[in-house]
Amino acid sequence: MAARSVFSPGLFNNRVAIVTGGGTGIGRAIAEELLTLGCKVVIASRKLDLLKQAADELASRISKSNPAIVTPLQCNIRKEEEVEALIKSTLALHGRIDFLVNNGGGQFPSPAEAIPSKGWNAVIETNLTGTFYCCKSVYNAWMKDHGGAIVNIVADMWKGFPGMAHTGAARAAVDNLTKSLAIEWAHNGVRINSVAPISPMVCFLLSPAATFVTGETVKVDAGQSLYHSSWEIPDHDKWEPAPEGKNARTLEKLLSDKAPSKL
Ligand code: ADE
């Protein structure tokens, strides 16, 4: 059965997209919606077997009248030369690159004090540096001269990311990178935004409906980041008392009314 989208069929006919991490999870859902809308999609990640299987499954869901094509290409986004090869191969295959979706990423749960330097570097290199390499390479090879739209997938890290400090730091850095690139590349018709996360918002940001939207990070989290934190601070008495005075008395009253973790 063909996949569905709230957007008009054919919205992305004759457009070409690269979706990193497009073989699984959110990346695959984004690739599927782009294909439904007529886009030619290159899905890229390190594991070619997985990618090929995903591409076969995605291809089987494209209806006969839809010009969409899905192609699996192997690429480790941590390696700049592999990213450049991905962009070159996509241009050789389709002759253009309209969209880049930076979804490839990875992390592992760990208390911050136990993250080994190798693990820290791997998470930063994949989520931040890999995203930068993809943006830089597609810009230099194509978008600088032809314009385009980029969407970076980030995470709900607005209150820090306790338990996965490495990915929180990397994703927050991508949020900032998004703003810098949006300004630096605006004059060449390149828009760049971030989504935290989900696929219809990515399609909206790539579409002409978002033609004046750039440098933005859109939260798709049902408002969760406004009210919810998964982290409880254990009760403790480790902080120095506040200096004597009116503020200290106000603080004492507050703390006697509520446990610190609820403040
Ligand atoms: N997805 C997760 N890690 C990746 C990597 N290093 N390259 C491409 N896609 C990825």
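How many cavities of 30 Å³ or more does the structure hold? The count comes to 1, in what is a predicted model. About 30 Å³ of space sits inside the largest cavity. Its walls are built from Asn 102, Gly 104, Asn 127, Thr 131, Ile 153, Arg 171 and Val 174. Sorted by character, the residues of this lining come out as 2 nonpolar, 4 polar and 1 charged. As for secondary structure, α4 and α5 each put at least two residues into the lining of the largest cavity.

Next come the pockets. The largest pocket has a volume of about 700 Å³. Some 34 residues line the largest pocket, and those closest to its centre are Gly 21, Asn 103, Gly 104, Gly 105 and Gly 106. Gly 104 also turns up in the lining of the largest cavity. Two or more lining residues of the largest pocket come from each of α1, β2, α2, α4 (117–146) and α5 (165–185). By type, the pocket lining splits into 14 nonpolar, 15 polar and 5 charged residues.

On to the strands. β4 runs parallel to β1, with 3 bridges between the two, and parallel to β5, with 4 bridges. Val 101 appears in both pairings: Val 101 in β4 is the bridge partner of Val 19, and Val 101 also stands opposite Val 151 in β5. Along β4, side chains go two ways, with Phe 99 and Val 101 pointing to one side and Leu 100 and Asn 102 to the other. Every one of these four residues is buried. Asn 102 is also one of the residues lining the largest cavity.

Thr 20 belongs to strand β1. Thr 20 counts as buried because its relative accessibility is 2%, below the 20% cut-off. Leaving out residues up to four places away in sequence, Thr 20 touches Ala 44, Ile 77, Val 101, Asn 102, Asn 103, Gly 104 and Cys 134. So what about a residue in a loop? Lys 79 lies between β3 (69–74) and α3 (80–94), and Lys 79 is partly exposed because its relative accessibility is 39%, which falls between the 20% and 50% limits. Measuring C-alpha to C-alpha, Lys 79 and Thr 126 are 9.3 Å apart in space, although 47 residues separate them in sequence.Last comes the packing of nonpolar residues. In soluble globular proteins, nonpolar side chains tend to be buried together. The largest nonpolar core here has 30 residues, and Phe 12, Leu 34, Val 41, Ile 43, Val 202 and Leu 206 touch the most other members. At least two residues of this core come from each of β1 (16–20), α1 (25–36), β2 (40–45), α2 (48–60), β4 (99–102), β5 (148–153) and α6 (199–206). A separate second core, of 25 residues, has Ile 18, Cys 75, Met 143 and Ile 192 among its members. With neighbours within four places in sequence set aside, the contacts of Phe 12 are Leu 34, Leu 37, Gly 38, Cys 39, Phe 99, Cys 203, Leu 206 and Ser 207.

Key:
Residues numbered from 1 in each chain as written. Predicted model: local features only at pLDDT ≥ 70, side-chain atom pairs only at ≥ 80, totals over all residues. Heavy atoms only, no water. Core = buried A, V, L, I, M, F, W, Y, C linked by side-chain atoms within 4.5 Å. Buried < 20%, exposed > 50% of the residue type's maximum accessible area, 1.4 Å probe, protein only. Contact = heavy atoms within 4.5 Å. 1 Å grid on protein atoms, 1.4 Å probe; cavity = no way out; pocket = protein on both sides within 12 Å on 5 of 7 lines; lining within 4 Å. Points joined across faces, edges and corners; volume = space filled by probe spheres on them. Nonpolar A, V, L, I, M, F, W, Y, C, P; charged D, E, K, R; others polar. Pairing = 2+ DSSP bridges.
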